[in-house]
Amino acid sequence: MELKVEDVPERSRYEVSVDGKAVGFSAYHLIEDGVLALPHVEVDPAFEGQGVASALMRESLDDVRRRELKIVPICPFAQAFVERNPDYGDLVHQG
């Protein structure tokens, strides 16, 4: 299974594809300068439990870090991912 995650800014989301087929996304929107809200993460039910959503979160948060942005994880999955992966805790906006 080949996973690819890419930022699609015109749709305000990161999209994940498996073997070239889009199977999920993590929506975002700018809430203040340098801070992205993450309101929704969705993956095709056929790919649940296979690590696709976690790969989507990991790669999108790595991109957020490279861009020197912060996040406000609104989506319960995004919140839980950050809690389970404390190395991303520094990305959470404290404001």
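Mentor: Let's begin with a definition: buried means under 20% relative accessible area, exposed means over 50%, and partly exposed is in between, using a 1.4 Å probe and protein chains only. This is a predicted model, where local features need pLDDT of at least 70 and side-chain atom pairs count only at pLDDT 80 or more, while totals for chains, interfaces and linings use all residues. Residues are numbered from 1 along each chain as its sequence is written, and side-chain values use heavy atoms, with hydrogens and water left out.

Trainee: Okay, is Glu-15 buried or exposed?

Mentor: Glu-15 sits in strand β2; strands (E, at least two residues) and helices (H or I, at least four) are DSSP runs, numbered from the N terminus. The relative accessible area of Glu-15 is 14%. The cut-off for burial is under 20%, so Glu-15 counts as buried.

Trainee: Which side chain makes a polar contact with the side chain of Glu-15?

Mentor: A polar contact is a pair of N or O atoms within 3.5 Å; within protein, one must be able to donate a hydrogen and the other to accept it, and residues adjacent in sequence count only if both atoms are side-chain atoms. For Glu-15, a side-chain pair at 3.2 Å fits, and the partner is Arg-11.

Trainee: In what order do the five strands form the open sheet?

Mentor: Two strands pair if DSSP finds at least two bridges between them. Here the pairing is mixed. The edge strands, which pair on one side only, are β1 and β5 (70–73). Reading across the sheet gives β1-β2-β3-β4-β5.

Trainee: How many bridges join β1 to strand β2?

Mentor: These two strands run antiparallel. Along them, Leu-3 stands opposite Val-18, and Val-5 stands opposite Val-16. The count of bridges joining β1 to β2 is six.

Trainee: Which residue takes a positive phi in the hairpin of β1 and β2?

Mentor: The hairpin has four residues between its strands. The residue you want is not a glycine, although its phi is about 55°. With 31% relative accessible area, it is partly exposed. It's Ser-12.

Trainee: Is Asp-19 buried or exposed?

Mentor: Asp-19 lies in the loop between β2 and β3. Asp-19 also has a positive phi, near 50°, without being a glycine. Its relative accessible area is 56%, and the cut-off is over 50%, so Asp-19 is exposed.

Trainee: Back to β1: which side chain is joined to that of Asp-7 by a polar contact of 2.6 Å?

Mentor: Asp-7 lies in strand β1 (residues 3–8) and is partly exposed at 27% relative accessibility. Contact means heavy atoms within 4.5 Å, and beyond neighbours within four places in sequence, Asp-7 is in contact with Arg-13, Tyr-14, Tyr-28, Asp-63 and Arg-67. Its side chain makes a polar contact of 3.4 Å with that of Arg-67. The partner at 2.6 Å is Tyr-28.

Trainee: What angle does the direction of helix α1 make with that of β2?

Mentor: Axes are lines fitted to C-alpha atoms, for helices over the stretch in contact, and angles run from 0 to 180 degrees between N-to-C directions. Helix α1 (residues 52–66) packs on the sheet and touches β1, β2, β3 (21–32), β4 (35–43) and β5. Its angle with β2 is about 135°.

Trainee: And how is α1 placed against α2?

Mentor: Helix α2 covers residues 76–84, and the two helices pack at about 75° with their axes 11 Å apart. Angles under 35 degrees count as roughly parallel, over 145 as roughly antiparallel, 65 to 115 as roughly perpendicular and the rest as oblique. That makes the placement of α1 against α2 roughly perpendicular.

Trainee: How many nonpolar residues are in the contact of α1 with α2?

Mentor: Ala, Val, Leu, Ile, Met, Phe, Trp, Tyr, Cys and Pro count as nonpolar, Asp, Glu, Lys and Arg as charged, and the others, Gly among them, as polar. In α1, Ala-53, Ser-54, Met-57, Arg-58 and Leu-61 meet Phe-77, Ala-78, Phe-81, Val-82 and Arg-84 in α2. Besides one polar and two charged residues, the nonpolar count is seven.

Trainee: Last one: the backbone oxygen of which residue lies 2.8 Å from a polar atom of the side chain of Asn-85?

Mentor: Asn-85 is in the segment after α2. At 19% relative accessibility it counts as buried. The backbone oxygen at 2.8 Å belongs to Phe-81.
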